[in-house]
Each structure stands twice: as C-alpha cells, then as structure tokens.
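Student: Hey, can we go through this structure together? I'm new to this, so plain words please.
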Amino acid sequence: MKIKADTGRCIGAGMCVLTLPRVFDQSEDDGTVVVLDAEPPADLESGVKRAVQLCPSGALSVEE
Amino acid sequence: MTEATPRLATYPLARERAFDPPDELARRRAEAPIQRMTYADGHEGWLVTGYAEARAILADNRFSTRPELLHSPIPQRSEFRSEPLTPGFFIRMDAPAHTRYRRLLTGQFTVRRMKQLEPRIQEITESRLDAMEREGAPADLVESFALPIPSLVICELLGVPYEDRGKFQHDSAVLLNLSSSIEEVRAAVQDLYSYLHGLVLAKAKEPADDILSGLVAGGELTHEEIGGVGLLLLIAGHETTANMLGLGTFALLTNPDQLAVVRDDPAAVENAVEELLRYLSIVHIGPTRTALEDVEVGGCLIRAGEAVTLSVAAANRDPERFEGGDTLDVTRPAHGHLSFGHGIHQCLGQQLARIEMRIAYPALLRRFPNLRLAVPAHEVPMRSNMAIYGVHRLPVLW
C-alpha cells in the first residue's frame, strides 16, 4: 500500500487528519495535506481507505 | 401503463415534523434519486435526493456555483441571479478563482489550529453556563447558549468586536430569511460589507493577532476582497453552529436515551456530533449548481446550462447509504454525511464547528442534568423560513 497525495488538488478540509492522524497531517502554511507515512503498516489499511474515501477534493489515492 | 409522475413544481420547504426533511423529498427519493424539477423561473432543471448522485455532483468541477448562471429552486430567490458578486465571496466562485482565496485561509482552519482553540472554547462555554445558572430558569437556549458561543469564537478568530454582534446578527438574519425582499437583502449585505470593510481599513492601520489582520498583512488580497471574505466567514461561522447547537439540543431532549449517551459517555461524543450533523442537515435548501457541459449522473444526461438542486437533508437520509436513516442513533457510523458539503467547497470551518459542538453539547447536558423543554415540543418555533434550518427559540428549564 502506497499513498499518493496531490497537494495541487487538496483544499485543506482536514478530513484525512481527522480520520488518521498517524498517517496524515496538514502544512502549517496553507493547510494542504502532508503524508507522514506514505507506506503505512497493513493494519492501518481500512483507516487509509476511509481517509481516501472522505477526501472532498479527490487529492488522495492508494496504490496496492 | 402507469401515468407519468407530475413534475415537482419548485423545491418544497415546509416540514411536517421538526427534525425530518419535507416528506415530498423522501417520496421523490424513493421514486428516483435524480429527476426533473421545474424551477421558479420556469427553467426545467433537476432535483437530486440520492446520496451517491449528490456526492458525485458536489465532487465534479463541471458543475458551477457562479451566481450569474444559477436558477433558483424557490420563487423567493429568483431575482438574486442578477446581483453583483460581493468581492472576495469565494463560495460563489469556481476553481481556479476559488482556489486562490481558499488557499489563503486553509492554514488558519487546520485540525491542529482548531484543537489549539479547545481551552478557549471550553472557557467561553463554561462562562455561558455560569451566566445561565446566575440568571435562572427558564431561559431561551438560543440566546443564552447556542448563539453566543460560536459568535464569540468567530469574532475572536476574525478580529471582529463582539460588542457589534447586534449589527451582524441582525443583518445575517435578514440575509438568511427567505421572506426578505431583494431590496432588504441588498441593504443588509451593503451594511454588513461596509462594516467589515471599515474594520479591514482599521486593521491596516493598527494590526492585531487575528485572521483579518493576517490577510491585510499578507498583501495578496485587496481591502475590498478581505471585507467580502470577512462577511462570508462571519455569517458562516456563527449561524451554522448556532443552529446545530439549538436544534441538536432540541433533538436530544426529545430522544432521552440518545441524550444520555452524549451526556454520560465522552468516547461517544465524537460520533454523536457526526450523527447529529447527518440527521439534522441544517442546510435547508440546496445547494444549487449549474452544469458547464453535458454530464451524465445516475443514468441521466444533464445538459450544459441546466440547474441541479441537491437536497443535503434527503441525501443524508438515503437508505442506500444510511440504513434506518430517519432514526437518530448517535452510535451509528455517521461519517461520510454531506452536511458540510463535498468537493472543493466543503466547509472551511468544519473542524472548528466539530470542536465547538463536541465541547458544548456534553458541557450543557452535564451542567444541567434535568434540562427540559419549558413549552410543549410542538410550540417550539422552527426556522422553516430561513436558509439555515433550526429553532428560532428554545425555551428550557433545569
């Protein structure tokens, strides 16, 4: 599982941070997504998928 | 052969029960989650009541929010299309114009920044509860609790003097009142805009540690644009949470088993707030978008120029997404609701709203374990005539 984040699309809503703060953060500067762990352990998979699903701008994706 | 269903003539606003969307919307959803609707000006557009369809449209930038393209789903707002856009009013802009404004603000509303406000929001909440105790029952919960908390918080964040609340609360009530004439709305916008523009000019001379001063110092926006941004954030920042607090408390008081969970189980509060957001869906109409090109949604071809009105309330009750969604169940997984919208316009202040609600509901219910309505439930005046639904007043005893 590899997380890809498109900061150009990100609108800084914070849904990923709210869902999985171990993996996602927001930049202090403009609030866009910062991926703390792009290849998180398998036990976080459902949380990652939920964060991807909840992202309002479609900025997040996962490669298997 | 069955008879063709008569088309819905404009969007229904009247609610049969305090907490449910109009029955007409649920009937339409059961019939077809996306269907034709005649708009107030005669335009043949669409009504979307299904969750999947509403979410898809909100996420799709081929649908525009620009006011000059909009058709109104209700007769009261038909003339508003020709109104000039207030500078900086980015909720009514498409990308990339919208992106530029939003990017200047998102850093101020991150999950971390909002968490840092927790102690201050707790302090404000406790001081309102102290005042209620001092003044004694009965009280109007809207005036003494639901409205002051988010108003104080957004005033401090933006740098708007709270003493001026009489003015902005009055103007925003006129703006949101669906019975206001276009002249009344225009005057209220002008009044509030002049006020905020004046504040921006004052902050240019004497900056403070607040969002408006920060935008002035950043130098990327004109003072006129910052005035419009301030207008948008001030209204969005207090009316919404205020109505969630008022209506949410009313809903909990009429569902005592749910109330007990919110009062007694701190671990349940986070999800309870999401469920209250889903169940109550205070956005009373729309949003409405306009297709910029032909787009297929849910098997229907929406042509360029056609209007699409979503019912967030109906989508949030869609049984395909939320089973038994007409019941308030604070333990159900409620994430994914559309109450803050979806797509690039999803609520900028949602993390602030969440923290305000997570603090305010349990604090109120713990301070006053015997909180109850001071009037029969059917006498609580509902905001059926306002763009943001809720209660006008909530008389309570404890």
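Tutor: Sure, one term to begin with: a polar contact is a pair of N or O atoms within 3.5 Å; within protein, one must be able to donate a hydrogen and the other to accept it, and residues adjacent in sequence count only if both atoms are side-chain atoms. This is a predicted model, where local features need pLDDT of at least 70, side-chain atom pairs count only at pLDDT 80 or more, and totals for chains, interfaces and linings use all residues. Residues are numbered from 1 along each chain as its sequence is written, chains are lettered from A and ligands numbered from 1 in the order in which they are written, and side-chain values use heavy atoms, with hydrogens and water left out.

Student: OK, how many residue pairs are in polar contact between chain A and chain B?
Tutor: Twelve, with both residues at pLDDT 80 or more.

Student: And how many residues does each chain bring to the contact?
Tutor: Chain A brings 23 and chain B brings 19, where contact means heavy atoms within 4.5 Å. About 1,800 Å² is buried between the two chains, and carbon and sulfur atoms give 44% of that. Buried area here is the accessible area (1.4 Å probe) that two parts lose on being put together, summed over both.

Student: Which three residues supply the most of what chain A buries?
Tutor: A:Ile11, A:Leu18 and A:Glu28, which supply 30% of the area that chain A buries against chain B. A:Glu28 also forms a salt bridge with B:Arg113, with the closest N and O atoms 3.9 Å apart. A salt bridge is a side-chain nitrogen of Lys or Arg within 4 Å of a carboxyl oxygen of Asp or Glu.

Student: How many of those cross the interface?
Tutor: Three salt bridges by this rule, and the count over all chains is 32.

Student: Switching to the inside: which residues have the most contacts in the largest nonpolar core?
Tutor: B:Val160, B:Leu196, B:Leu247 and B:Tyr361, in a core of 104 residues. Helix α11 (residues 223-253) of chain B gives the most to this core, with 15 residues. Such a core is a set of buried Ala, Val, Leu, Ile, Met, Phe, Trp, Tyr and Cys residues joined through side-chain atoms within 4.5 Å. Buried means under 20% relative accessible area, exposed over 50%, partly exposed in between (1.4 Å probe, protein chains only). Helices (H or I, at least four residues) and strands (E, at least two) are DSSP runs, numbered from the N terminus.

Student: What does B:Leu247 touch?
Tutor: Leaving aside neighbours within four places in sequence, its contacts include B:Phe19, B:Leu280, B:Ile282 and B:Met382.

Student: Is B:Asp94 buried or exposed?
Tutor: B:Asp94 is buried, because its relative accessible area is 14%. B:Asp94 forms a salt bridge with B:Arg66, at 3.8 Å between the closest N and O atoms. Both lie in the loop between β4 and α3 of chain B, so the pair ties together parts that are 28 residues apart in sequence.

Student: What about B:Glu126, where does its salt bridge go?
Tutor: To B:Arg367, at 2.6 Å from N to O. This pair links distant parts of the chain, with B:Glu126 in helix α5 (residues 118-135) and B:Arg367 in helix α15 (residues 350-367), 241 residues apart. B:Glu126 counts as partly exposed because its relative accessible area is 35%.
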